[in-house]
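This report introduces the structure shown below to a reader who has not met it before. Please keep the sequence and the model in view while reading.

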Amino acid sequence: MEVKENFNLKAYNTFAVDVKCKYFVESDKGEDFAEFAKAYDLSRENVLVLGGGSNLLFTEDFDGVVLYPSMRGFRVEDDDDESVRVSVGSGEVWDDFVEWAVEHGYGGVENLSLVPGHVGATPVQNIGAYGVEAGETIKRVEAVDLISGEKVEIGAEDCRFGYRDSIFKHEWRNRFVVTRVTYCLTKRPEFRLDYGNVREEVLKMGEVSLRHVREAITRIREAKLPDVNVLPNAGSFFKNPVVGEREAEALRAKYPELPVYAAKEGGVKLAAGWLIEQAGWKGRAHGHAAVHDKQALVLVNRGGATGIEIARLANEVKKAVFMRFGVVLEPEVNII
Ligand code: EPU
């Protein structure tokens, strides 16, 4: 276990915000985190489990302990004619796992190509893209309970997966350090190509295969989403808001071009990027922070932005969308 004091987190958050934490603890052993939690009497407010740092915004120095799990490895646990179960270390980069799956001919996560972040965050955030959510393939989460110090195994049914949501963001917030995640992948992939122009992009490459889906998604993402190494960002800053049928109908009557989708949990999901663009904020800046000019749901750091500056921009965007459409945007990014 390595413990660092007054540790700079600029390289550990994809918004590249220049902040420090009081302690930074890195380990590939779950027990180390449990021990540390006991020794330092951590409350849930002064601890933060950090993965790839691709879904958070620090608005000031973090006066607490950052736990950074670095468990590695892909272990095939079970293998039959239909499917394979793979246990993956929470410190692995998510997209490396997608590449591994595609390389081995295992389906289920190819639509989630290039989603940033570490494996450990996938059950917390229930990452999703192009019609697929990680929660559909997750079978089990292994973690260390920071309160009891025990190792636990949590079945998918207890994770309460929702749109960019799980129990780890609510009752179990900051309680567990995820150590490994087990995914069930299929040897007979059922391709999901119905989102946006995915099918069209895949067919341009020839036959429908895991590799071609991965390449198509990669191209679509690269065309719209900014590269964190060039324009630091945290992907979609807001969630697509889910409203009732009636509210959606009223909005569609007024704005027939507004993209809407049926939400899995019921209700209607509105495209927040469209709302932001129509409210006049696409490409607009506020100090060193800006709304991305190719995808308005993404806020970017144009260089040297503080967390406060980015949070202020988010607030301006939220106000503008509310004034124009009466719709409240909620951040997808975890603001700290
Ligand atoms: N749109 C606009 N203007 C914009 C952006 C989008 O009009 O500036 C319209 C698009 O034309 C399209 C619709 O809004 O009709 C949806 O856009 P897009 O397909 O780009 O997806 P999104 O709803 O903006 C969501 C996820 C993304 C994910 C894509 C693809 C959320 C919060 N975001 O974005 O996830 O990659 O769908 O599935 O659900 C992330 O979570 O960080 C992320 C990038």
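Two strands are said to pair if DSSP finds at least two bridges between them. Helices (H or I, at least four residues) and strands (E, at least two) are DSSP runs, numbered from the N terminus. The model is a predicted one, in which local features need pLDDT of at least 70 and side-chain atom pairs count only at pLDDT 80 or more, while totals for chains, interfaces and linings use all residues. Residues are numbered from 1 along each chain as its sequence is written, and side-chain values use heavy atoms, with hydrogens and water left out.

**Sheets and strand pairs**

An open sheet of three strands follows the order E14-E16-E15, and its pairing is antiparallel. Its edge strands are E14 (242-243) and E15 (260-262), each of which pairs on one side only. E14 and E16 (residues 268-270) run antiparallel and are joined by two bridges; valine 242 has lysine 269 in E16 as its bridge partner.

Another open sheet has four strands in the order E13-E19-E18-E17, with antiparallel pairing. Here E13 and E17 (285-286) form the edges, each pairing on one side only. Within this sheet, E18 (residues 289-291) pairs with E19 (residues 298-301) in the antiparallel sense over three bridges, and valine 291 stands opposite leucine 299 in E19.

E6 (residues 74-79) and E7 (residues 83-89) pair in the antiparallel sense over five bridges. A hairpin of three residues joins E6 to E7, and aspartate 78 has arginine 85 in E7 as its bridge partner.

**Domains**

The protein chain is assigned domain 1 (2-69), domain 2 (74-186) and domain 3 (233-335), with bounds that come from an automatic or database domain assignment. The C-alpha centres of domain 2 and domain 3 are 27 Å apart. Seven residues of domain 2 are in contact with six residues of domain 3, where contact means heavy atoms within 4.5 Å.

**The ligand and its surroundings**

Where does the ligand lie with respect to domain 2 and domain 3? Both domains give residues to the shell around the ligand, so the ligand lies between them. There are 23 residues around the ligand, and Tyr130, Tyr163, Tyr195, Asn240 and Glu277 come nearest; a residue counts as near if one of its heavy atoms lies within 4 Å of the molecule.

The table lists distances from an oxygen atom of the ligand to N or O atoms of the protein, a polar contact being a pair of N or O atoms within 3.5 Å.

| Residue | Protein atom | Distance to a ligand oxygen atom |
|---|---|---|
| Tyrosine 130 | backbone N or O | 2.6 Å |
| Arginine 164 | side-chain N or O | 2.8 Å |
| Alanine 296 | backbone N or O | 2.8 Å |

The ligand on its own has 820 Å² of accessible area, and the protein covers 83% of it; such areas come from the Shrake-Rupley method with a 1.4 Å probe. Helix H5 (210-224), strand E13 (233-236) and helix H7 (272-278) are the elements that give two or more residues to the shell around the ligand. H7 gives the most, with three residues.

By class, the shell has 11 nonpolar, five polar and seven charged residues. Ala, Val, Leu, Ile, Met, Phe, Trp, Tyr, Cys and Pro count as nonpolar, Asp, Glu, Lys and Arg as charged, and the others, Gly among them, as polar.

Methods
Polar contact = N/O pair within 3.5 Å; in protein donor to acceptor, adjacent residues only side chain to side chain.
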